[in-house]
Amino acid sequence: MRKITLPIEELDFELCVTSGQIFRFQRFERGGRQVWLGADGGNVIEAERTPEGWAVCSRPDGSVVERFLRLDVSLADVSRRVLEIEPSLAPLVARFPGLRTLRQARADETLFSFLCTVNNNLTRIHRLVRALGAFGEELEPGVFGFPPPERIARVGEVRLREMGFGYRARTLVQVAEELAHRPTGWLQALSEGEYERAVSALCELPGVGRKVADCVCLFGLGFDEAVPVDTHLWRVSVERYFPQWRGGSLTDKRYRAVGDHFRQRFGRLAGFAHEFLFYDSVTGAGKRSARGRKASPGARAK
DNA sequence: AGCGAACCGGAC
DNA sequence: TCCGGTTCGC
């Protein structure tokens with residue numbers, strides 16, 4: 001099994017798997033060492049912090065980790081080009097070195113995962129996606145390959161509701177049945193066509209709107225021009241690029257405009273570039289400043 | 001077209 | 001009370 005070591009500027013593995021792109025990686029203790037473990041399709045991916053950076057590998061297929069982490073892309077190169085286009089992003093790029101856009105081997109895992117994120121909070125999202133994953137095959141102790149759609153369909157809405165999925169139980173099962181009825185590889189094949197085509201195909205599925213479709217396009221199908229506009233990216237985009245929409249709501253048209261803005265500006269780098277703004281908005285200064293502007297956390301009315 | 005409300009259930 | 005949205009009805 002081949003181990004790849006990357007400097008932190010090229011890869012911060014922990015950041016990548018905890019920044020809301022995927023939800024099932026966890027820290028384990030193996031032989032006295034702290035390692036991150038998770039599944040990508042039928043393979044296990046392992047990562048360990050070293051003095052040099054991060055050491056990563058996959059098994060049994062040792063090559064999948066390169067695709068999963070998009071190691072064909074040089075993050076130094078991406079950062080340099082993004083900053084040429086928009087120098088004011090420098091503080092964000094500097095704040096999150098090693099933040100990569102991932103690509104999962106199975107787009108159906110991406111789809112079911114992001115169906116769990118709908119109107120939900122991150123803590124519960126992790127719990128639900130992991131619970132779904134546990135219906136899959138156990139590849140190694142505690143590490144599960146994601147179940148196929150047929151399996152999710154068989155679990156059924158009632159059981160999922162009992163497990164706390166709420167109204168997402170219904171759409172999960174509906175989508176699972178829909179996928180099970182289509183030819184094998186239908187979803188995966190969308191990556192061969194055009195981005196717009198993939199978006200509209202995904203939006204046909206019950207419970208899938210623009211945002212979930214874009215997440216599947218970016219993290220599952222490898223469309224780098226996809227820009228998922230969630231509430232965080234919406235807020236930061238309004239502040240930075242569309243101040244005239246301050247206080248307004250995210251309509252279909254505006255969703256489109258935000259994505260187009262990123263695509264015009266960053267082209268194929270849009271997916272990577274948005275990640276810095278998104279994660280800053282989730283965690284750090286972006287969140288605080290957006291709040292601060294919204295008037296008086298300390299003076300909430302009665 | 002654009003806006004608001006409901007939706008499961010658990011964090012905060 | 002608020003969610004990392006989607007859908008439905010004005």
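Here are some short exercises, each with a worked solution, on a predicted model of a protein with DNA strands.

**Exercise 1. DNA strand C**

Task: Find out which residues come closest to DNA strand C and what the surface near the strand is made of.

Solution:
- Step 1. Start with the neighbours. DNA strand C is surrounded by 20 residues, and the closest are Gly20, Leu122, Gly207, Gly209 and Phe278.
- Step 2. Sort the neighbours by class. You should get seven nonpolar, ten polar and three charged residues.
- Step 3. Turn to the strand itself. Among its atoms within 4 Å of the protein, sugar or phosphate accounts for 57%, and bases make up the rest.
- Step 4. Look for polar contacts, which are pairs of N or O atoms within 3.5 Å. A polar backbone atom of Gly20 lies 3.1 Å from a base nitrogen of DNA strand C. Phosphate oxygens of this strand are also in reach of the backbone: one is 3.0 Å from a polar backbone atom of Val212, and one is 3.2 Å from a polar backbone atom of Thr231.
- Step 5. Place these on the fold. Two or more residues of the surface near DNA strand C come from each of α11 (210-220) and α12 (231-240). With three residues, α11 gives the most.

**Exercise 2. DNA strand B**

Task: Work through DNA strand B in the same way, and say which helix gives the largest share of the surface near it.

Solution:
- Step 1. Here 13 residues lie around the strand, with Thr123, Arg124, Tyr167, Arg168 and Thr251 nearest.
- Step 2. By class, these neighbours are one nonpolar, seven polar and five charged residues.
- Step 3. Of the atoms of DNA strand B within 4 Å of the protein, 56% are in sugar or phosphate, and the rest are in bases.
- Step 4. Now check some side chains. An N or O atom in the side chain of Asn119 is 3.2 Å from a base nitrogen of DNA strand B. The side chain of Thr123 has an N or O atom 3.2 Å from a phosphate oxygen of the strand, and for the side chain of Ser249 the distance to a phosphate oxygen is 3.3 Å.
- Step 5. The helix to name is α6 (residues 122-133), which supplies three residues, the largest share.

**Exercise 3. Aromatic pairs**

Task: The structure holds twelve aromatic pairs. Take the pair of Phe23 and Phe114 and then the pair of Phe96 and Tyr279, and decide how the rings meet in each.

Solution:
- Step 1. For Phe23 and Phe114, the rings are 5.4 Å apart centre to centre with 65° between the planes, an edge-to-face pair.
- Step 2. Ask what the pair joins. Phe23 sits in the loop between α1 (13-18) and β2 (26-30) and Phe114 in helix α5, so the contact ties together parts that are 91 residues apart in sequence. Both Phe23 and Phe114 are buried.
- Step 3. For Phe96 and Tyr279, the ring centres are 5.2 Å apart and the planes stand at 70°, so this pair is edge-to-face.
- Step 4. Phe96 belongs to the loop between α4 (90-95) and α5, and Tyr279 to helix α14 (residues 270-283), so parts 183 residues apart in sequence are tied together.
- Step 5. Apply the cut-off for buried, which is under 20% relative accessible area. Phe96 has 8% relative accessibility and therefore counts as buried; Tyr279, with 13%, is buried as well.
- Step 6. Finish with a cluster: ring pairs link Phe13, Phe25, Trp54 and Phe68.

**Exercise 4. Pockets and a cavity**

Task: Describe the largest pocket, the second largest pocket and the largest cavity by volume and lining.

Solution:
- Step 1. The largest pocket has about 720 Å³ of space. Its lining counts 29 residues, with Thr117, Ile125, Lys211, Asp230 and His232 nearest the centre. Helix α14 contributes six residues, the largest share of this lining.
- Step 2. The second largest pocket has a volume of about 290 Å³. Of its 15 lining residues, Asp108, Pro149, Thr184, Gly185 and Leu187 are closest to the centre. The largest share of this lining is three residues from α9.
- Step 3. The largest cavity holds about 60 Å³. Its lining includes Phe23, Phe25, Gln104 and Glu109, and by class it has four nonpolar, four polar and two charged residues.

Definitions and conventions
Residues are numbered from 1 along each chain as its sequence is written. Chains are lettered from A and ligands numbered from 1 in the order in which they are written. This is a predicted model: local features need pLDDT of at least 70, side-chain atom pairs count only at pLDDT 80 or more; totals for chains, interfaces and linings use all residues. Side-chain values use heavy atoms; hydrogens and water are left out. A residue is near a molecule or strand if one of its heavy atoms lies within 4 Å of it. A polar contact is a pair of N or O atoms within 3.5 Å; within protein, one must be able to donate a hydrogen and the other to accept it, and residues adjacent in sequence count only if both atoms are side-chain atoms. Helices (H or I, at least four residues) and strands (E, at least two) are DSSP runs, numbered from the N terminus. Ala, Val, Leu, Ile, Met, Phe, Trp, Tyr, Cys and Pro count as nonpolar, Asp, Glu, Lys and Arg as charged, and the others, Gly among them, as polar. On a 1 Å grid over the protein atoms alone, a cavity is a set of points where a 1.4 Å probe fits but cannot get out, and a pocket is an open set with protein on both sides within 12 Å along at least five of seven lines; lining residues have an atom within 4 Å of a point. Grid points are joined across faces, edges and corners, and a volume is the space filled by probe spheres set on the points. Rings of Phe, Tyr and Trp (its six-membered ring) pair if their centres lie within 6.5 Å; planes under 30 degrees apart count as stacked, over 60 as edge-to-face and the rest as tilted. Buried means under 20% relative accessible area, exposed over 50%, partly exposed in between (1.4 Å probe, protein chains only).
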